[in-house]
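Grab your viewer and a scratchpad: here are some exercises, each with a worked solution. Try each task yourself before reading on.

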Amino acid sequence: MKRKGISLRRVVQIFFLLLITLIAVNHTLEERGIEIPLVGSASLHAVCPFGGVVSIYQYAAAGTFTKKIHESSFILMIIVFALALAFGPVFCGWICPLGTVQEFISRIGRRLFGKRHNNFIPRAADRYLRYLRYLVLGWVIYATAVSGVLVFADYDPYYALFNFWTGEVAVSAFVILALVLLAALFVERPFCKYACPYGAVLGLFNIVRVFGIKRNTDTCINCRACDRACPMNIQVSTAGRVRDHQCISCLECSSETACPVPATVELAAGNISIKKAEV
């Protein structure tokens, strides 16, 4: 592993984790007449791009948003889709606060279990379990379209994590959040891999993204360092270009982080490559 300092990705992750936490806390304080300076008054729903996805049907059919969803969710959805089309699921790997929290807990798991961490689930079962999130996505979109309300909020660990103090979180969401955090001790990003409906949507962009993870087969020494670095267990060492629907564009496999050979695993489009910065 090359990296010794704090990566740019980690800085971005911590920034968005703090930002979303402040927004959620500020929304609660506003109801009591208190406001955190410089923090907007938006609700958590207003800054969630997945709210735009689940409202598409209602907006197309009736020209209105699903209850609690704002126009800002649609704008954020378009921005995240544009980023995904260019660079893949950047939102998952660099921005999503729930993904960041799972990664922090997995650091404890790696200390406890060493190389066994993130390898507890047999590969034969794992490859099918990863499609469960598309079933979740289908159910969320259908149930939201039929009911006109955010049914997923009662099961959403993201909502529970940033609203646990409000009294608005359903018991089912608390239970799922607890299971996700516990599972993160054994598996990297368990919710992202197996249940996240928004990750399911963004993962499809890996098929058509402009800048992708490319492996230079001429310089690759087949050490499989890229495979070991990937939190999503993708076998980068067998791919010319990674199009796996589970890639989160974290760049942990790249030559700037894990690969020992320069310019062998890169984020690139044609002859244009983007190097990852460190601070």
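**Exercise 1. Work out how enclosed strand S2 is, and which way its side chains point.**

Step 1: get the terms straight. Strands (E, at least two residues) and helices (H or I, at least four) are DSSP runs, numbered from the N terminus. Buried means under 20% relative accessible area, exposed over 50%, and partly exposed in between, with a 1.4 Å probe and protein chains only.

Step 2: count. 5 of the 5 residues of S2 are buried, so the strand is largely enclosed by the rest of the structure.

Step 3: sort the side chains by direction. Val-265, Leu-267 and Ala-269 point one way, while Glu-266 and Ala-268 point the other way. That fits a general pattern: in a regular strand the side chains alternate between the two faces of the sheet.

A word on the ground rules. This is a predicted model, so local features need pLDDT of at least 70 and side-chain atom pairs count only at pLDDT 80 or more, while totals for chains, interfaces and linings use all residues. Residues are numbered from 1 along each chain as its sequence is written, and side-chain values use heavy atoms, with hydrogens and water left out.

**Exercise 2. Build the sheet around S2 from its pairings.**

Step 1: pair S2 with S1 (residues 212-215). The two run antiparallel over 4 bridges; for two strands to pair, DSSP has to find at least two bridges between them. In this pairing, Ile-213 has Leu-267 as its bridge partner, and Arg-215 has Val-265.

Step 2: add S3 (residues 272-274). S2 and S3 are joined by 3 bridges, again antiparallel, and Ala-269 is matched with Ile-272. The S2-S3 hairpin has 2 residues between the strands, and Gly-270 takes a positive phi near 65° there.

Step 3: assemble. The result is an open sheet of 3 strands in the order S1-S2-S3. S1 and S3 each have a single partner strand, so one side of each is left without a neighbour in the sheet. Neighbouring strands are turned by 55° against each other on average, direction ignored (the axes are lines fitted to C-alpha atoms, for helices over the stretch in contact, and angles run from 0 to 180 degrees between N-to-C directions).

**Exercise 3. Trace the salt bridges of Glu-252, Arg-130 and Arg-224.**

Step 1: set the criterion. A salt bridge here is a side-chain nitrogen of Lys or Arg within 4 Å of a carboxyl oxygen of Asp or Glu. The structure holds 7 of them.

Step 2: start with Glu-252. Its partner is Arg-9, with the closest N and O atoms 3.3 Å apart. The pair links distant parts of the chain: Glu-252 sits in the loop between helix H12 (225-229) and S2, Arg-9 in helix H1 (residues 8-30), and they are 243 residues apart. Both Glu-252 and Arg-9 are buried, with Arg-9 at a relative accessible area of 3%.

Step 3: check two more. Arg-130 and Asp-126 meet at 2.6 Å, N to O, and both are buried. Arg-224 bridges to Asp-227 at 3.1 Å; Arg-224 is partly exposed at 44%, whereas Asp-227 is buried at 11%.

Step 4: look for shared partners. Salt bridges that share partners join Arg-9, Arg-10, Glu-103, Arg-189 and Glu-252 into one network. Arg-9 and Glu-103 also have a side-chain polar contact of 3.1 Å (a pair of N or O atoms within 3.5 Å; within protein, one must be able to donate a hydrogen and the other to accept it, and residues adjacent in sequence count only if both atoms are side-chain atoms).

**Exercise 4. Find where Arg-189 and Ser-249 lie, and whether they are buried or exposed.**

Step 1: check the backbone. Phi is positive in both non-glycine residues, near 45° for Arg-189 and near 55° for Ser-249.

Step 2: place them. Arg-189 is in the loop between helix H9 (171-183) and helix H10 (190-194), and Ser-249 is in the loop between H12 and S2.

Step 3: read the accessibility. Arg-189 is buried at 0%, and Ser-249 is buried at 4%.
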